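Biologist: Please put the model up, and then we can go through it by question and answer.

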Amino acid sequence: MYNFQPCFSNILKLLFLLIVFVLPTIVSGDCTCDAEATKNNKSVALKYKVGSIALILLAGAVGVSIPLLGKKIPTLRPEHDIFFMIKAFAAGVILATGFIHILPDAFTSLTSPCLDENPWGKFPFTGFIAMMSAIGTLMVDSLATGFYKRLHYNNSKQVNVVDEEMNEEHQGHVHVHTHATHGHAHGSATNPEDSNLAELIRFRVISQVLELGIVAHSVIIGISLGSSQSPQTIKPLLAALSFHQFFEGMGLGGCISQAQFKTRSAAIMATFFSLTTPVGIAIGIGISSVYNENGPTSLIVEGIFDAASAGILIYMALVDLLAADFMNPRVQNSLRIQFGANASLLLGAGCMSVLAKWA
């Protein structure tokens, strides 16, 4: 099967480098819009920020690794009922992240009084960007899945033609019998194999598009924490973001697990997720002396990234994660699985919503 991991990996790397190197340059040195006075202590704040890098890195790594342990723990494998519960919980976390955490932040940034009334006060940019992001995700989802399906089927067709040509070189009754037998066996195996392949391609596209949305937001929230000079602001953020990364990692880890990537590819994706927020914190520490979170450029860039991330995560949670599983015949034929999945969904969304009180 064609390996399309490098294609999406390159996109993720490009986005990551863009955020890491371009964003700090854009938002530093902004003209200021006076913020409320806060009690700052740079030396104490720095200690909390350095500690937050290690704690959030650990939380994210543990969260994304738990579903991946399904390969070692039979109970956590996708063929078991409990996996539907875990995935529903994770989808609830991702849905609440989009609706409760990211989208309100985007509205706050893009409707800030620090921005010019024209055009930011004349048009609902946050909703528009989130909508276009969700539509764009649908397009990427559909086009990528279709492209890799066609690519694989074309390759399979070429292999079949070569196979038939080799069979035609044989002569006599043995040739006819063998060819017929081969043809029958091949035909009977094609449909299940094609079906499994289509599902696998779907899971792989989902996992990588989902990571794309998470990465954009994770760096932004890391920069926000790293640039803060107030211990009173950092302490609740540290605890909330640790849980945030843990739960979000569980959601992403469940998708990676279903995608059945090779161990090396799964490890790269898990590591990439775990590092994004700590890297954002490190960037925030580096630019904290010139970064103004209430500057017009900072608000616009953060608002656009947050709105786009919200659109991606909301679409992925509702369409690719929840709808796909809740309409699964295996779920609909079992009242026990249905109840467990719904309860897990509400629990995941509820836990993530409560964290909005602190971050």
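Biologist: How do the residues lining the largest cavity divide into nonpolar, polar and charged?

Modeller: This is a predicted model, and the lining of its largest cavity consists of F84, K87, A88, D325, F326, V331 and A341. Among these residues are K87 and D325, and Asp and Lys count as charged. The lining divides into five nonpolar, no polar and two charged residues.

Biologist: What is the volume of the largest cavity?

Modeller: The search covered the whole structure and returned one cavity of 30 Å³ or more. The volume of the largest cavity is about 40 Å³.

Biologist: Which helix gives the most to the lining of the largest cavity?

Modeller: Two helices each supply at least two lining residues, namely helix 3 (81–110) and helix 9 (296–326). With three residues, the top contributor to the lining is helix 3.

Biologist: Is helix 3 roughly parallel or antiparallel to helix 9?

Modeller: The axes of helix 3 and helix 9 are 8 Å apart, and the packing angle is about 155°. Angles over 145 degrees count as roughly antiparallel. Helix 3 is therefore, relative to helix 9, roughly antiparallel.

Biologist: How do the residues of the contact of helix 3 with helix 9 divide?

Modeller: Helix 3 passes helix 9 in a left-handed crossing. The residues of this contact divide into 22 nonpolar, five polar and four charged.

Biologist: For residues 82–103, how far apart do the end C-alpha atoms lie?

Modeller: UniProt, in an unreviewed entry, lists residues 82–103 among the spans with the feature "transmembrane region". In the model this span is 100% helix and 0% strand. Its end C-alpha atoms are separated by 31 Å.

Biologist: What percentage of residues 123–148 is helix?

Modeller: The same feature, "transmembrane region", is placed by the unreviewed UniProt entry at residues 123–148 as well. The end C-alpha atoms of this span lie 38 Å apart. Strand accounts for 0% of residues 123–148, and helix for 92%.

Biologist: Is the crossing of helix 7 and helix 8 left-handed or right-handed?

Modeller: Helix 7 (residues 231–259) and helix 8 (residues 263–287) have axes that come within 11 Å and cross at roughly 160°. That angle makes helix 7 roughly antiparallel to helix 8. The crossing of helix 7 and helix 8 is right-handed.

Biologist: Which residue in the loop between helix 7 and helix 8 has a positive phi?

Modeller: The residue is not a glycine, yet its phi is about 55°. Its place is in the loop between helix 7 and helix 8. The residue with this phi is Q260.

Biologist: How are helix 2 and helix 8 oriented to each other?

Modeller: The axes of helix 2 (residues 42–68) and helix 8 come within 8 Å. They cross at roughly 170°, and the crossing is right-handed. The orientation of helix 2 and helix 8 is therefore roughly antiparallel.

Biologist: What is omega for the peptide bond from N118 to P119?

Modeller: P119 is found in helix 4 (residues 117–120). The peptide bond that joins N118 to P119 is cis. Its omega is near 15°.

Conventions
Residues are numbered from 1 along each chain as its sequence is written. This is a predicted model: local features need pLDDT of at least 70, side-chain atom pairs count only at pLDDT 80 or more; totals for chains, interfaces and linings use all residues. Side-chain values use heavy atoms; hydrogens and water are left out. On a 1 Å grid over the protein atoms alone, a cavity is a set of points where a 1.4 Å probe fits but cannot get out, and a pocket is an open set with protein on both sides within 12 Å along at least five of seven lines; lining residues have an atom within 4 Å of a point. Grid points are joined across faces, edges and corners, and a volume is the space filled by probe spheres set on the points. Helices (H or I, at least four residues) and strands (E, at least two) are DSSP runs, numbered from the N terminus. Axes are lines fitted to C-alpha atoms, for helices over the stretch in contact, and angles run from 0 to 180 degrees between N-to-C directions. Angles under 35 degrees count as roughly parallel, over 145 as roughly antiparallel, 65 to 115 as roughly perpendicular and the rest as oblique. A crossing is left-handed if the near helix is turned anticlockwise from the far one by less than a right angle, and right-handed if clockwise. UniProt positions are given in the numbering used here, feature names are shortened, and annotations may be inferred rather than shown by experiment.
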